[in-house]
Amino acid sequence: MAAKIEHPVLVAVSVDPETSHRANEAVRIALGILAGENAVTIALLGAGAKVLDADVEDYADGEDLLRHLGTLKKLGQAFHVERDAMRTDPGWNPLGLQLVPIDRATLGALLAGSRRALVF
């Protein structure tokens, strides 16, 4: 297996998965980037953090989104989540995905350290 490229591709998701199919597309693309032996950083911002809701299956393309999240968990992918969007209720992040809290300054550093960025 080839080593992952050092400078990751940043995939930032701020679109609301309850109302837009673009959140699923973002996570699917991130998975594809990771499968292609490229490092990826996934940042969930604002309403984009809803991809980690327990009832994500009820959202736009939710069944696919849940499947992609499960695969990313198996691959050990962390999710960088805007601190203000993180929740503590038991209905959030039921898959137990690895979370890294970030603020806007950290997001800027992630963007600066990335070789490409995809923003949804």
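Which residues does Arg-83 touch, not counting residues up to four places away in sequence? Keep in mind as you look that this is a predicted model. The answer is Pro-101, Ile-102 and Asp-103. Arg-83 itself sits in the loop between β3 and β4 (99–102). With 47% relative accessibility, Arg-83 counts as partly exposed, because that class lies between the buried limit of 20% and the exposed limit of 50%. To get a feel for distances here, try Val-51: it is 32 residues from Arg-83 in sequence, and the two C-alpha atoms are 15 Å apart in space.

Now turn to Ala-26, in helix α1. Is Ala-26 buried or exposed? Its relative accessibility is 0%, so Ala-26 counts as buried. Leaving out residues up to four places away in sequence, Ala-26 touches Val-11, Val-13 and Phe-120. Ala-54 is 28 residues from Ala-26 along the chain, and 19 Å separates their C-alpha atoms.

Next, the core. In soluble globular proteins, nonpolar side chains tend to be buried together. In this model the largest nonpolar core has 28 residues, and the members that touch the most other members are Val-11, Leu-44, Leu-52 and Phe-79. At least two residues each come from β1 (5–13), α1 (22–35), β2 (38–44), α2 (62–74) and β3 (79–82). Helix α1 makes the largest contribution, with seven residues.

Leu-52 is a handy one to click on. Apart from residues up to four places away in sequence, Leu-52 is in contact with Leu-44, Leu-69, Val-81, Gly-91, Trp-92, Asn-93, Pro-94, Leu-97 and Leu-99. There is also a second, separate core of seven residues, with Leu-10, Ala-12, Ile-102 and Leu-110 among them. You met Ile-102 earlier, as one of the residues that Arg-83 touches.

That leaves the pairing of α1 with α2. Two packed helices are described by the angle between their axes and the distance between the axes. For α1 and α2, the axes come within 9 Å and cross at roughly 30°. Angles under 35 degrees count as roughly parallel, so α1 and α2 are roughly parallel to each other. Their crossing is left-handed.

Who meets whom along this contact? From α1 come Ala-23, Asn-24, Val-27, Arg-28, Leu-31 and Leu-34, and across from them in α2 are Asp-64, Leu-65, His-68, Leu-69, Thr-71 and Leu-72. Sorted by character, the residues of this contact are seven nonpolar, three polar and two charged. Leu-69 may look familiar: Leu-52 touches it too.

Note on methods: Residues numbered from 1 in each chain as written. Predicted model: local features only at pLDDT ≥ 70, side-chain atom pairs only at ≥ 80, totals over all residues. Heavy atoms only, no water. Core = buried A, V, L, I, M, F, W, Y, C linked by side-chain atoms within 4.5 Å. Buried < 20%, exposed > 50% of the residue type's maximum accessible area, 1.4 Å probe, protein only. Helix = DSSP H or I, 4+ residues; strand = E, 2+ residues; numbered from the N terminus. Contact = heavy atoms within 4.5 Å. Axes fitted to C-alpha atoms, helices over the stretch in contact; angles between N-to-C directions. Parallel < 35°, antiparallel > 145°, perpendicular 65-115°, else oblique. Left-handed = near helix turned anticlockwise from the far one by under 90°. Nonpolar A, V, L, I, M, F, W, Y, C, P; charged D, E, K, R; others polar.
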